[in-house]
Amino acid sequence: MSEPMPNRRKFLATVGALGGASILMSSPGASAASASAAKEKLAIDGGTPVRQDTLYSQPYGPQFYDDVERQGVLDVLESRNPFRWWKDDSKVLQFEQLYAQQLGVKHALGVTSGTTALYTAMAALEIGPGDEVILPAWTWYADYDAVVLCGGLPVFAEIDGSLSIDPEDIEHRITPRTKAIVPCSLQGGVADMDPIMEIARKHKVRVLEDLSQCVGGRYHGQFLGSIGHIAINSFQLGKTITAGEGGAVVTNDPELFERALRFHDVGAIRSPYTEQFNGGVLASFAACNFRMNEFTGAVLKGQVQKLDMICQRLRANAKRVRDGIADLPGLKMRKMSDPEGDLGVTVFLDHGDREHRDKFLRALRAEGIAASGPGGSVILPVDERIEKKMTVHPDWPTFNTPQGKAIQYGAECCPRTIDIIDRTGGVIMDPNFSEDDCNDIVKAIRKVYLAMHA
Ligand SMILES: Cc1ncc(COP(=O)(O)O)c(C=O)c1O
């Protein structure tokens, strides 16, 4: 299985092997740029690189671990009780309250991972055999697996230039069996939520936001997670804030929250939630244990307080780079549904096709800037186990309904997604990049772009 975020050290080790050939060639659609600028010899062709060392981003959250997280973990150790329920001052509960406040939602629940958050949210939405769920063709395995593991049928929609689900490719996939749409806000980009919510309202289907790769992202002033009926995210290492692992389910709907609470904890509802929900309105049902432990809660309680600062730094750095290259002739940046709310994780360009993208990235790496195509997700319909509809048991309900038997995955169901992922690439940003670092990225992109489009 590929890693959620590319291991950049490993990735960079491959750069030398990739480099070598001249990349001076023209790309379709780009107008001619200044000839003098194009004369600067690229590092890949033997010129002087913009940087001697290589600039690459690191996981964001751990760069800001300090006494807040340290004291939180120590408190849990000293309490000799890392179990969330049997104590009055639960760190998990404090994290849940802070996170709900931060996102502007009524309820937040800490769980063990983004994957178990997805299972929990699917259970809250009562997704089961015969139900269809619409997902983007490019996202993480867990979005597909969660649907299959509750017996539902995943239906893929294409992404657009934002790398998130294309709202225009959703409606014609809705059937009387469609129960939910899962817009995933990927690589720091914000899914275009207004048209998605409009379609959901029209067809009376639920929206489950997956903001794992865009925690802290905003859409038209609202935090992601507060727009759909329910939302989930991961706190795994590659996410905006992290405890190594962890996840959350958030919602404004008390009944969805009660169902999530029960599903994540053996069908039970416990204090202080018992009091908050007056014992609850739902009967218990078969469930799981996806409870967050107190160590994770302590770290995440600290990290939530740093979320705004991390997002501000990322956004400022990405803007500095975008502004520094905006005048390049014919430049096509990644589409943004809300430039203010975009997290600033990437400065990605549309290079027209894979060949030009790969040449651009090789040349940028030779200049000392780690560069990559879109990562952290998979083109799911072409993954072998998905294309072959593999399940843990041959009688699994997902693919034994008439619709499940008829559905075909594979490259034919997402040609546009494959093309967009192939032609997109650029730089992953870091909240701790300095002004000089950002200026080097600008210098390197300009140098390579002008040479390629001379
Ligand atoms: C979009 C998305 N959803 C869900 C997950 C699953 O999260 P976890 O790894 O915490 O289970 C990930 C993880 O990378 C993700 O990127």
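1. What share of the contacts in the chain with a separation of 6 or more comes from residues 24 or more positions apart? In this predicted model, such pairs account for 75% of those contacts, and the points below take up the overall dimensions, the domains, the nonpolar core and one strand in turn.

2. As to overall dimensions, a compact globule of 454 residues would have a radius of gyration near 22 Å, and the 23 Å found for the chain therefore agrees with that expectation. Along the principal axes, the C-alpha atoms fill a box of roughly 75 × 55 × 35 Å. Buried residues make up 51% of the 454 residues, and the secondary structure comprises 17 helices and 13 strands.

3. The chain is divided into domain 1, which is assembled from the segments 8-59, 307-377 and 416-452, and domain 2, which covers 63-306. Taken over C-alpha atoms, the centres of domain 1 and domain 2 are separated by 32 Å.

4. Where the domains meet, 28 residues of domain 1 are in contact with 36 residues of domain 2. On the side of domain 1 that touches domain 2, at least two residues are supplied by each of helix H12 (307-325), strand E11 (346-350) and helix H16 (415-423). The residues on that side of domain 1 divide into 11 nonpolar, 10 polar and 7 charged.

5. The largest nonpolar core holds 128 residues, of which Ala-121, Met-122, Val-249 and Val-448 touch the most other members. Helix H17 (residues 435-452) gives the largest share of this core, with 9 residues, and the core draws at least three residues from each of domain 1 and domain 2. In soluble globular proteins, nonpolar side chains tend to be buried together.

6. For Val-249, when neighbours within four places in sequence are left aside, the contacts are with Leu-109, Val-111, Ala-117, Thr-120, Ala-121, Ile-230, Ile-232 and Ala-260. Of these partners, Ala-121 is itself among the core residues that touch the most other members.

7. Is strand E6 (residues 206-210) largely enclosed or open to its surroundings? Because 5 of the 5 residues of E6 are buried, the strand is largely enclosed by the rest of the structure. Arg-206, Leu-208 and Asp-210 point one way from E6, whereas Val-207 and Glu-209 point the other way, and all of them are buried. In a regular strand the side chains alternate between the two faces of the sheet.

8. The pairing of E6 with strand E5 (residues 178-181) is in the parallel sense and runs over 2 bridges. Within it, Ile-181 stands opposite Val-207 in E6.

Technical notes. Residues are numbered from 1 along each chain as its sequence is written. This is a predicted model: local features need pLDDT of at least 70, side-chain atom pairs count only at pLDDT 80 or more; totals for chains, interfaces and linings use all residues. A nonpolar core is a set of buried Ala, Val, Leu, Ile, Met, Phe, Trp, Tyr and Cys residues joined through C-beta atoms within 7 Å. A residue is buried if 20 or more other C-beta atoms lie within 10 Å of its own, exposed if 12 or fewer, and partly exposed in between; C-beta atoms are placed from the backbone. Helices (H or I, at least four residues) and strands (E, at least two) are DSSP runs, numbered from the N terminus. Domain bounds come from an automatic or database domain assignment. Two residues are in contact if their C-beta atoms, placed from the backbone, lie within 7 Å. The radius of gyration is taken over C-alpha atoms; the globule rule is 2.2 Å times the number of residues to the power 0.38. Ala, Val, Leu, Ile, Met, Phe, Trp, Tyr, Cys and Pro count as nonpolar, Asp, Glu, Lys and Arg as charged, and the others, Gly among them, as polar. Two strands pair if DSSP finds at least two bridges between them.
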